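Hi everyone, thanks for coming. I'd like to walk you through a structure that's new to most of you, so have a look at it while I talk.

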Amino acid sequence: MIEVLFAAFGVAALLLFRFVEPARAVAITCFAGWLLLPVGNFPPGSAAASFPYWITGTAVPSDMLLTKMWWPPVVALAGALWVDRENLARFRAGWVDIPLILWCLWPVGQWCFVANAAPQPWISSLYLAAAWGAPWLLGRVYFSGLDGSKHLMTAIAAGLVVIAPIALIESVLGPRVYGWVYELHPFRFDGQQRYVGFRPLAFFEHGNQYGIWVAAIALVAIWLWHTAPISRMRFYLGVSAILALAIALMSQSVGAILLLCAGLVLSRAIGRPLSRWLLPLLLLITVSGGAVYLSGAIPFRNIADKTVIGRQVVDIFRSAGRGSFTWRIARDQTALTLIRERPVVGLARWDWWRDKGERPWGLVFLIFGQFGLVGFVLAFGSLLVPVLWTFARLRPERVSRLQPAVPLIVIVLMAVADAFLNSFLFYPAIMAAGALGTNGGRGVQPTSC
């Protein structure tokens, strides 16, 4: 059934390219697929399990290779090649593309160091090229510059049309829509009960992924309203922003809501003199803290289990209903013993954590274990290098609130931060990073406002 649905979507999307201008067709194809298609072919028996820990998410290749993370952008790229070859032919890769290209090729390079890879190295490389490379390229070609970036923002915010009715249904009834349309979702029970009612799931991989999607939609909707000229359209955008913010809060995904709050503060701070040193400082602290966390130098699990302060902190999280946070840290710390076997090149197996009987929850650890430090640096470097380069070019005296580089930067940073907590990536962040990396690394031109 999944194969038939994917094939039908591909045919319909290609026909769309005959009637709609390429950039708009690319946006419709990618976001319609990401929002509406089934996740993919879940492993047999997953829906019957109370917690199918073996499903790692679609951001990395696994035994679940037919997924909606890569199918819509690949179909969109095929459509663009069909009707817009001249525009694509003008694309020239620059230095900003190097981390992404190396990330897609790394599974083949990893072959030189690790035998018995799973999936096969060439399959993993093809998967990464489709899931990461295709949306990156589409972002570079079609969503760069002022107009292109605004189109990307509009496409993200338009997801509210799909999510809003589902949010109203599932906040009351629980995550059921996916089962009504396709099949029982393996993660329909995981974290569904919230402080009030339920957290929706829609057609996403997990409720956590739903949380970061609605948070990003709210941020973009608020930005579109804030930057719109005074008109009747601005009123409608304000209503959309209020609705998007309400849906984000209704998700009750605490991590995503905190990222939304941080993103709103950051989007207001970028361009001010303080941000010239504050953002690099925050990134330095984050990277340093992440390195310490990944190294296992601080025994968080022992502190939580064997110290008075650690037990009190755990009790506070549990009493607040946030026991999942400490649970994730415990899973990550358990995985470190396996990661240390091949910390640089990785274990080259998607289920490298299998011997422990459970997997780490964060995408950062999944990539680190499967592809090593090299893969980790390349994967997240492909997202962060365009952000840092663009930020370095945003001079306070030139930044306008109409500058789409600002929300693009924030969206990518939100997605990267969420990857430390969850294994389900916010797909459009790759496209946004590609848009920031336009013109050989010059980013979205801040002087064109």
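I'll go from the whole chain to one helix, and then to a patch on the surface.

First off, this is a predicted model. The chain has 449 residues, and 55% of them count as buried. What is the secondary structure made of? It comes to 20 helices and zero strands. If you take the contacts with a separation of 6 or more, 78% of them are between residues 24 or more positions apart. As for the outside, the chain exposes about 19000 Å², and 68% of that is supplied by carbon and sulfur atoms.

Okay, now find helix 7, residues 145-158. From first C-alpha to last, its 14 residues reach 20 Å, close to the 20 Å expected at 1.5 Å a residue. Its buried residues are Gly148, Ser149, Leu152, Met153, Ala155, Ile156 and Ala157. A general reminder here: an α-helix has 3.6 residues a turn, so residues three or four places apart point the same way. And which helices do the buried residues of helix 7 pack against? Those are helix 2, helix 6, helix 8, helix 10, helix 18 and helix 19.

Let's follow helix 8, residues 160-173, out to the surface patch. Ile169, Val172, Leu173, Trp180 and Val181 make a nonpolar patch of about 480 Å² there. Helix 8 gives the largest share, three residues, and helix 9, residues 177-181, also supplies at least two. One of the patch residues in helix 8 is Ile169, which is partly exposed, with a relative accessible area of 35%.

That's my tour, happy to take questions.

Methods: Residues numbered from 1 in each chain as written. Predicted model: local features only at pLDDT ≥ 70, side-chain atom pairs only at ≥ 80, totals over all residues. Heavy atoms only, no water. Patch = residues over 30% accessible without salt bridge, like charges linked within 9 Å, V, L, I, M, F, W, Y side chains within 5 Å. Areas by Shrake-Rupley, 256 points an atom, 1.4 Å probe, with all protein chains shown as cover. Salt bridge = Lys/Arg side-chain N within 4 Å of Asp/Glu carboxyl O. Helix = DSSP H or I, 4+ residues; strand = E, 2+ residues; numbered from the N terminus. Buried < 20%, exposed > 50% of the residue type's maximum accessible area, 1.4 Å probe, protein only. Contact = heavy atoms within 4.5 Å. Expected span 1.5 Å × (residues − 1).
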